[in-house]
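Q: Hello! I am new to this structure, so could you choose a single part of it and walk me through that part slowly?

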Amino acid sequence: MDPCSLQSKADTDAESGGAAEDKAAVSLSPIDIGDVLPSYTLKNEKDEDVDVASLAAEKGVVFFLVPKADTPGCTTQACGFRDIYPDFTSSGFEVYCLSADKPTAQAKWQTKKNLPYPLLSDPKRVLITALGAGEGGKTKRSHFIFEKGGKLVDKKMPVKPVDSPKLALEFIKGLKASAGES
């Protein structure tokens, strides 16, 4: 794993990274219901920097987390989100797949399965761990819903690949209904 592939602003100010420093390099506070998405930079499938906090500035955000790109369960989950993607966007939410896979692996999977949403790479599982889904070098299948402005309003972990997309959409439709948008 490239120690420079994922950096926070603090990391770029202190670029001396040795292997011993890598383990404790960056961590985020745990994110729970009611907490706001922190400013943290990840790479997307095009290897471009994305500040995750900015994603929820204008729209709600759904992050669905997969253990490994292009494996059967993850593909079921990803294609489920793909198939009802317009229902999320028409409800004012963007969808992002978050995994520890490298951007090149994500881009290949995105093309192969015609995934219409961005994929975010968190190789050190910094955001994944803050969300409570990183454990023992693995990512737990899950999804997290942040309302516009970045507040975490729902999380499902663990979740079955086939259930994740519809449960996320049901929650968002419930949010809209309770906000009086019927």
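A: A salt bridge here is a side-chain nitrogen of Lys or Arg within 4 Å of a carboxyl oxygen of Asp or Glu. By this rule the count comes to 10 salt bridges, and one of them will come up again below. This is a predicted model, in which local features need pLDDT of at least 70 and side-chain atom pairs count only at pLDDT 80 or more, while totals for chains, interfaces and linings use all residues. Residues are numbered from 1 along each chain as its sequence is written, and side-chain values use heavy atoms, with hydrogens and water left out.

Let us take the sheet. Helices (H or I, at least four residues) and strands (E, at least two) are DSSP runs numbered from the N terminus, and two strands pair if DSSP finds at least two bridges between them. Seven strands make up an open sheet with mixed pairing, and going across you meet β2, β1, β5, β4, β3, β8 and β9 in that order. At the edges sit β2 (49-51) and β9 (152-156), each of which pairs on one side only. From one strand to the next, the twist averages 30 degrees; axes are lines fitted to C-alpha atoms, for helices over the stretch in contact, and angles run from 0 to 180 degrees between N-to-C directions.

Start at the β2 edge. Strands β1 and β2 run antiparallel and are joined by three bridges, and Thr41 has Asp51 of β2 as its bridge partner. The two strands form a hairpin with four residues between them. Asp47 lies in the loop between β1 and β2, and its phi is near 65 degrees, a positive value in a residue other than glycine.

Next to β1 comes β5. These two strands also pair in the antiparallel sense, over two bridges, with Asn44 matched to Leu120 of β5. Helix α6 (residues 103-113) lies across β1 (41-44), β4 and β5 (119-121), and runs at about 165 degrees to β5.

Now move on to β3 and β4. Strand β3 (residues 60-65) pairs with strand β4 (residues 93-99) in the parallel sense, over six bridges. Here the bridge partner of Phe64 is Cys97 in β4. Helix α4 (residues 72-83) packs on the sheet and touches β3, β4 and β8 (142-146), where contact means heavy atoms within 4.5 Å. The direction of helix α4 makes about 155 degrees with that of β3.

Here is the promised salt bridge: the side chains of Lys68 and Asp101 meet at 3.9 Å, N to O. Lys68 is in the loop between β3 and α4 and Asp101 in the loop between β4 and α6, so this pair ties together parts that are 33 residues apart in sequence.

Finally, look just past the other edge strand. Pro158 lies in the loop between β9 and α8 (164-178), and a cis peptide bond, with omega of about -5 degrees, joins Met157 to Pro158.
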